Structures are given as C-alpha cells and as structure tokens.
Amino acid sequence: MSDDKKLIAVFGATGNQGAGVVRALKARGRFKVRALSRAPGQYKGAADEVVAADLERPEMLAPALEGAHGVFLVTNFWQEGADEIKQATAAIQAAKAAGVNHLIWSTLPNVERISDGKFNLPQFTNKAKVDRIVKDAGFPRYTFVVPPVYYQNFSGPFGPQKQRDGSFGWMLPIDPTVRCFHMGDISELGNIVAGAFAHPEETGNGAHLPLVGDFLTFNDLLSALNQLGHQLSFTRVPREVYAGFFPGADALGETLAYYETYTYLGPGSHDDEIALANKVAGQAPTTFASWARHNFRLRAASPA
C-alpha cells in the first residue's frame, strides 16, 4: 500500500535537480514523494502530494517536512537576493526537528579551500560550506550529491554563438586541450539520489556521490559535436578580453580558469565516488556524445 511507503520530501521539485529526483523516486516505487514548492497550485509533476514551502520563510518548513523519512535539499544561488547558507541552515534545522532520518544535500566543491583563495566562486563555495552544517546536525543518515557541468548548458545560453562570418562556435578563455570538465545530464542526478535513499547503508555516512557521464577537454566536446555533422569552431581568447564580452563574462571566465587549473570536481581521483554513485543509481550515466545525438540543438544567437 502507498501509505506504508516511507515519505521523501523534495525541495526544488520544479527545478532541474528536484524534478529529476521526483521522477526517479516515483520510478523506483519504493517511496511516497512529497514535492515542496513555493507555488503548489501550479505544480504539474509526478509527486504523490505537493506542499507549500519557501526557503525564505522558515515558518513554512516545519509543516512541510512533517512525517518525512528523507529530504532532498537543494538551493538556488541565482535566485535574486538568496542567501544559500541561511536558507539551507533553516531547512536543515527544520528537518532535524521533524525527525528526518536521511538528508541528502546537493553540494559543490569548496573552491576557496581547493585554490587557497585564488579563485572566488561563491556559487560553489557557499554550497560546500553547508556540508559541515549537515554533518553537525546529527541525522542518522546523510549524503552529499554533486551535480556536474550540465550537458544542457552547451545547447542553451552558453552554447555556440554566431560568429561574424556566419559560422557558429565558441570564443572562450580556456585551453581546449586540458581535461577538466566533469559533465553529465542533470536530469539523471535523480537516479543517484533515489539510489542513495534506497541504499542508506552504503551512502548514508556522508558519502559524496558525483554525477559524471563524461570527463572531457573542450576539444573532446567539440569533436563529439562535429562528428554529428555540425561545423563548430573554437577560438581561445585572453581572459581580460573575454571579460568585456557581456555582463557576467568576467565571472564565467573565473569559473573556467578554476576548471582549467583544478578540474570541476577539484584535484585528486574521484573514481571511487563516481563508481559508488553509478552503483546505487543502478545504471551508468549517459555520455556526452550519446546525449548530444538526441538532444543537442543549434540555437541562433547574436554575433559574438
């Protein structure tokens, strides 16, 4: 009976990560799923129930998490005015007070620590700083999942731009021969999250589970696309020149410089973590070439 299933509450249930988590949990059929949304009346997903919850309004969190066995928590750095550490702390405290058994936090590498302050990527480091709050909260089980560089980014606003000669390609401040992009189809993160909830004895002691479908150079990415019949180019430009291309280009240049220096996930081997993530997911994640074959679309854009 559905009522006998343990309840998982999913923050960000309408976003890239949360929607995939809801789908994966429902597909496994082992849990009852509660979508948490700021606009529950507009929710169209597959969850068993939807409850109003807003990370900016801590008073909403206790009733939203009542009865939950597990919680998937993700915050959005790009939400205007959002303080991710404050939001996550409020949700963690509410989950602990609600008696949640297993909390899974969507985190990222601590760039400040990895680079000894050389690079400033608050969209990474702010999430990493929440890890300690999760550990110290005292949940019986807790797990960290690590989303990748989204494949989807390369077919969206950060995809190839129209060049002055009418062709399409990228102009970026990065060495295209450096293997530094840990990439994946973000819709598949939910498979890892659902697997972690299903196998708490393997994942619930603070395991880090990254989604990595491919680990590529930019040249690898370009080659995969051109083998599909595209004719895309790459031009390396100095970071100081790139910084003037568009609003936010300097921050993107900083991000790419971090990747080039340390890789997306940071130095060292991540093979064991990736292997455990794939094991509990029950499947290998999609490679970039396979994803691109079915999903990559060239979108017209203004000249670079």
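Reader: Let buried mean under 20% relative accessible area. Is Tyr258 buried or exposed?
Author: In this predicted model, Tyr258 has a relative accessible area of 0%, so the residue is buried.

Reader: And Tyr259, buried or exposed?
Author: Tyr259 also counts as buried, at 9% relative accessibility.

Reader: How many aromatic pairs does the count come to?
Author: The count comes to 22 aromatic pairs. One of them joins Phe154 and Phe181 in an edge-to-face arrangement, with 6.3 Å centre to centre and 85° between the planes.

Reader: What does that pair tie together?
Author: Phe154 belongs to the loop between strand 7 (149-150) and strand 8 (161-162), while Phe181 belongs to strand 10, so the pair links parts that are 27 residues apart in sequence. Phe154 is buried at a relative accessible area of 8%, and Phe181 is buried at 3%. Tyr258 and Tyr259 form an edge-to-face pair too, at 6.0 Å centre to centre with 65° between the planes.

Reader: Which residues form one aromatic cluster?
Author: The cluster contains Phe119, Phe124, Phe154, Trp170, Phe181, Phe218, Phe234, Tyr258, Tyr259, Tyr262 and Tyr264. The members of both pairs just described are therefore included: Phe154, Phe181, Tyr258 and Tyr259.

Reader: A different ring now: what lies over the face of Phe139?
Author: Lys96 lies there, at 6.0 Å from the ring centre of Phe139.

Reader: On to the sheet. What is the order of the 3 strands?
Author: The order is 7-10-12, in an open sheet with mixed pairing. Strand 7 and strand 12 are at the edges with a single partner strand each, so each has one side without a neighbour in the sheet.

Reader: How many bridges join strand 10 to strand 12?
Author: There are 3 bridges between strand 10 and strand 12, and the two run antiparallel. At one position, His182 has Phe215 in strand 12 as its bridge partner.

Reader: Which residues of helix 12 are buried?
Author: In helix 12, which spans residues 288-295, Phe288, Trp291 and Ala292 are buried. They cover an arc of only 100° around the axis, which means that they lie on the same side of helix 12. Arg293 and His294, on the other side of helix 12, are exposed.

Reader: What do the buried residues of helix 12 pack against?
Author: They pack against strand 10 (181-184), strand 12 (214-216) and helix 8 (218-226).

Reader: Where is the place of His270?
Author: His270 lies in the loop between helix 10 (249-262) and helix 11 (271-281). With 13% relative accessibility, His270 counts as buried.

Reader: And what does His270 touch?
Author: Apart from residues up to four places away in sequence, His270 touches His182 and Leu265. The side chain of His270 also reaches the backbone oxygen of Gly268, at 3.5 Å.

Reader: Last topic, Pro267: buried or exposed?
Author: Pro267 is exposed, with a relative accessible area of 54%. Pro267 is found in the loop between helix 10 and helix 11.

Reader: With which residues is Pro267 in contact, leaving aside neighbours within four places in sequence?
Author: On that basis, Pro267 is in contact with Ile114 and Tyr262. The C-alpha atoms of Pro267 and Ile114 are separated by 7.9 Å, although the two residues are 153 residues apart along the chain. Tyr262, the other contact of Pro267, is one of the residues in the aromatic cluster.

Methods. Residues numbered from 1 in each chain as written. Predicted model: local features only at pLDDT ≥ 70, side-chain atom pairs only at ≥ 80, totals over all residues. Heavy atoms only, no water. Buried < 20%, exposed > 50% of the residue type's maximum accessible area, 1.4 Å probe, protein only. Helix = DSSP H or I, 4+ residues; strand = E, 2+ residues; numbered from the N terminus. Arc of directions from axis to C-beta. Contact = heavy atoms within 4.5 Å. Phe/Tyr/Trp six-rings, centres within 6.5 Å; stacked < 30°, edge-to-face > 60°. Lys NZ or Arg CZ within 6 Å of the ring centre and 35° of its normal. Polar contact = N/O pair within 3.5 Å; in protein donor to acceptor, adjacent residues only side chain to side chain. Pairing = 2+ DSSP bridges.
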